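Me: I have a new model open and want to get my bearings. Can we walk through it together?

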Amino acid sequence: MYRITTLSTRKDLTSKAAELAHGEWYVKRKIPLDVVILEYQRRSNTGTLPITIIATCTGNNGELAGMVTLKKTELRQWQYIGPWLSALYVAEIHRKNGIGRKLIAAACRYASAMGFSRLYLFIDPKNFNRLKRFYTRQGWIYLDSAVDEDGQDTEIFFRELKALPQINTDGINR
Ligand SMILES: CC(C)(COP(=O)(O)OP(=O)(O)OC[C@H]1O[C@@H](n2cnc3c(N)ncnc32)[C@H](O)[C@@H]1OP(=O)(O)O)[C@@H](O)C(=O)NCCC(=O)NCCS
C-alpha cells in the first residue's frame, strides 16, 4: 500500500528523493548530488511551484517509492508555456503497481486546485516509445516536437485539467 502526499510533509525524504533523481538524470550530466539536494529542498513546498509530490510505503518506515514534480518552466525554448509535470520517477522495486499513474493523477489534481487549466510534459528520450504509450494511454495529447537540454529529440504533451475534482493543496490524501 502506498500513500501520496507532498514532499513538504516528509522533509526527511528530501535527500533520498534527490539521490534517486541524481542517479536517473544528473550523474551523466556531471551535476553534483549537493546541487540536486538543494533543488529538492526548494521543491518541498506547498501552494507555490516547484512542488514535489511523493508516494511512500504505508509499511517499511514509510520509505520513498516514487515522486513527481510540478514546475513553472522546462526546456529553454518553451519558457512561455507551463506548468510542467516533471521528474516522474518510481523506484525499480515498486514499478508496475500503478504508482506512476497515481502520482500523475495527484499532480494533475494539485495543479488544478492551484488554478491551472493545462499541464505539460516532455518525454524522456531515454525510453521514448514506452513512455509515449504510457502517457497517451492516460489521456495526454501531443503538442509539438522539441529538443531537450541535452540536445536529444523529444515530444511535448499536454493535458486539460478543467474537469478534475478539487483537493486540499496542503497535502494529498492525508
Ligand atoms: C515511467 C515510470 C515512472 C512508471 O512508473 P510505474 O509506477 O511503474 O507506473 P505504473 O505502474 O502506473 O504503470 C507502468 C505500467 O505498468 C502497468 N501496471 C500498472 N499497475 C499494474 C499492475 N498492478 N500489474 C501489472 N502491470 C501494471 C501499467 O499499465 C503500465 O503499463 P504501460 O507502460 O504499458 O502503460 C517508471 O518506469 C520510472 O520511474 N522510469 C524511470 C524514470 C522515467 O522514465 N520517468 C519518466 C520521465 S518522462
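Reply: Sure. One term to start: two strands pair if DSSP finds at least two bridges between them. Also keep in mind that this is a predicted model.

Me: OK. Which way do β3 and β4 run, and how many bridges join them?
Reply: They run antiparallel, and 5 bridges join them.

Me: What is the bridge partner of G66 in β4?
Reply: That is V90. V90 is also one of the residues that come nearest to the ligand.

Me: Is β4 mostly covered or mostly open?
Reply: Mostly covered. Of its 7 residues, 6 are buried. A87 lies in this strand. A87 counts as buried because 22 other C-beta atoms lie within 10 Å, and the cut-off is 20 or more.

Me: What about the phi of A87?
Reply: It is positive, about 50°, although A87 is not a glycine. Most residues other than glycine have a negative phi.

Me: Which other residue has a positive phi without being a glycine?
Reply: L75, with a phi of about 55°. L75 sits in the loop between β3 and β4. It counts as partly exposed, because it has 17 C-beta neighbours inside 10 Å.

Me: Now peptide bonds. Which bond is cis in the loop between β3 and β4?
Reply: The one joining G82 and P83, with omega about 0°. P83 lies in that loop. A second cis bond runs from L49 to P50, with omega near 5°. P50 is found in the loop between α2 and β2.

Me: Where is G47, and is it buried or exposed?
Reply: G47 is in the loop between α2 and β2 as well. It counts as exposed, because it has 12 C-beta neighbours inside 10 Å.

Me: How far is G47 from W140?
Reply: They are 24 Å apart in space, C-alpha to C-alpha. Along the sequence, 93 residues separate them.

Me: Let's do α2 itself. Which of its residues are buried?
Reply: V36, E39, Y40 and R43. They lie on the same side of α2, because they cover an arc of only 95° around the axis.

Me: Why would residues spaced like that share a side?
Reply: An α-helix has 3.6 residues a turn, so residues three or four places apart point the same way.

Me: What covers those buried residues of α2?
Reply: The cover includes α1, β2 and β3.

Me: Change of topic. How many residues are in the largest nonpolar core?
Reply: It has 43 residues. Those with the most contacts inside it are A17, I53, V68, L85, L103 and A107. The largest share of this core comes from α3, with 8 residues.

Me: Is there a general idea behind a core like that?
Reply: In soluble globular proteins, nonpolar side chains tend to be buried together.

Me: Last one, the ligand. Which residues come nearest to it?
Reply: V90, R95, G100, R101 and D124, out of 19 residues around the ligand. The elements giving two or more residues to that shell are β4, α3 and α4.

Me: Which element gives the most?
Reply: α4, with 5 residues.

Me: How many shell residues are nonpolar, polar and charged?
Reply: The split is 7 nonpolar, 4 polar and 8 charged.

Methods:
Residues numbered from 1 in each chain as written. Predicted model: local features only at pLDDT ≥ 70, side-chain atom pairs only at ≥ 80, totals over all residues. Near = placed C-beta within 6 Å. Helix = DSSP H or I, 4+ residues; strand = E, 2+ residues; numbered from the N terminus. Nonpolar A, V, L, I, M, F, W, Y, C, P; charged D, E, K, R; others polar. Core = buried A, V, L, I, M, F, W, Y, C linked by C-beta atoms within 7 Å. Arc of directions from axis to C-beta. Contact = placed C-beta atoms within 7 Å.
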